[in-house]
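Subject: Model for you to look at

Hi,

Here is the structure I promised to send over. Could you open it alongside this email and tell me what you think?

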Amino acid sequence: MGNDAQSVLGAVRDLLPVLRERAQAAEDARVVPAESIAALAEAGHFRLMQPARFGGLEADPVTFYSAVRLIAGACGSTGWVSSVLGIHPWHVGLFPLKAQEEVWGSDPGTRISSSYAPMGKATVTEGGVRLSGRWSFSSGCDHATWVLLGGYVFNDDGQPVDFRTFLLPIADYKIIDVWDTIGLRGSGSNDIVVEDAFVPEYRTLSFIDVNKCKVPGQEANPGPLYRLPYGATFSFSITTPIIGMATGAYEAHVEYQRDRVRASYSGQKAKEDPHSQVRVARAAAEIDASWLALERDMADLYELAQAGEKFPVDLRLRARRDQVLGTERSIAAIDQLFENSGGRALKAGTPLQRFWRDAHAGRVHAINDVERGLTMFGRGEFGLDLGMDAMI
């Protein structure tokens, strides 16, 4: 197991060949193989964003995103799950210490899945809330024993008074196997059902506090990692796997094109086709732009977090702008590569078509809503109110 962030990256790189070999098995089983999750855990991947007091590395977030990009470049579904399960230790680190102790006190390797859409209903009761509901898209839930769920809190008059995240152990919820899709098939993003579970106050976290970057967990975890804005830190964990998928698609495409002969062009080698060369250049540029913008934004945010300074709204909006455009650019790159591959791109079992389907599946995640992200940036530039639901 890696004891520092760079050794974790090295261990992740060593796993890439076997993760690539298991990509089809993950898709067929509709879940990432348990062996892959165990290997990533052994490599230290899930400790990168975990609080140091519970054996985590509290790594620079770009190191975590770099690991996710590598994994997603080998298998899109495994990359997606590694990112989602890997970012949740950071989110749990924002909760009161008592909640963190319940999750990791007896097992620092405990993993947490999520479904943040406010699909449940929480009613205030003594010492906490009663929670019920059904949530979809809990990626990697079969590899987790806790879950983070989003929902509104209602008062006695039935009026919503807060939007919170609720942290529940597996004894309080059921996993319903419904995941059968054309993309990210191996992510096992099944439904979570909760029936009138009691959630103590300390296992709830208000998004109002999260958006202000003022949360209870900072007392227990005073490092800069836990002062970062959720709107960038979590959002990048959704875009990064798609950048990784684009990177994997690019590598697979270039390798294939080196030997491909274009049957409809008098036996011309594909690599000698100037149009093919231009498409590859454009795809490479889009992938680079996506990654470099992410690196810049997070470096600027992390520097401010280390200095204990506030995050300017324009920087937070820029990060969200670059996040949604990173997804859009990466998918545009994959589309170019797909179109440049000829009929072989349609063959089942090939890496390129899997990356193409996985990336388009990841695109429909709510946080990848390009127009919403760009609208927030535009409103900020014009000095308009962002609205209460602006997650930056």
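Below are my notes on one pocket and on the helices around it.

Some housekeeping before that: this is a predicted model, with local features needing pLDDT of at least 70 and side-chain atom pairs counted only at pLDDT 80 or more, while totals for chains, interfaces and linings use all residues. Residues are numbered from 1 along each chain as its sequence is written, and side-chain values use heavy atoms, with hydrogens and water left out.

The pocket I looked at is the second largest, with a volume of about 340 Å³. On a 1 Å grid over the protein atoms alone, a pocket is an open set of points where a 1.4 Å probe fits, with protein on both sides within 12 Å along at least five of seven lines; lining residues have an atom within 4 Å of a point. Points are joined across faces, edges and corners, and the volume is the space filled by probe spheres set on them.

There are 20 lining residues, and G248, A252, E255, P351 and L352 lie nearest the centre. Two or more residues each come from α1 (5-21), α2 (23-29), α4 (61-74), α9 (230-259) and α12 (351-363); helices here are DSSP runs of H or I, at least four residues, numbered from the N terminus. α9 gives the most, with six residues. By class, the lining has eight nonpolar, six polar and six charged residues (Ala, Val, Leu, Ile, Met, Phe, Trp, Tyr, Cys and Pro are nonpolar, Asp, Glu, Lys and Arg charged, the others, Gly among them, polar).

Now the packing. The axes of α9 and α12 come within 9 Å and cross at roughly 160° (lines fitted to C-alpha atoms over the stretch in contact, angles from 0 to 180 degrees between N-to-C directions). These two helices are therefore roughly antiparallel, a label for angles over 145 degrees. Residues in contact (heavy atoms within 4.5 Å) include G248 and A252 of α9, and P351 and L352 of α12. The α9 to α12 contact has eight nonpolar, three polar and two charged residues.

On α4, the axis comes within 7 Å of that of α9, and they cross at roughly 35°. Among the residues that meet are F64 and Y65 in α4 and G248 in α9. Here the classes are nine nonpolar, seven polar and one charged.

Lastly, helix α11 (residues 313-339) and α12 have axes that come within 10 Å and cross at roughly 155°. That makes α11 roughly antiparallel to α12. L352 of α12 takes part in this contact, as do I331 and F338 of α11.

Cheers

Terms used. Angles under 35 degrees count as roughly parallel, over 145 as roughly antiparallel, 65 to 115 as roughly perpendicular and the rest as oblique.
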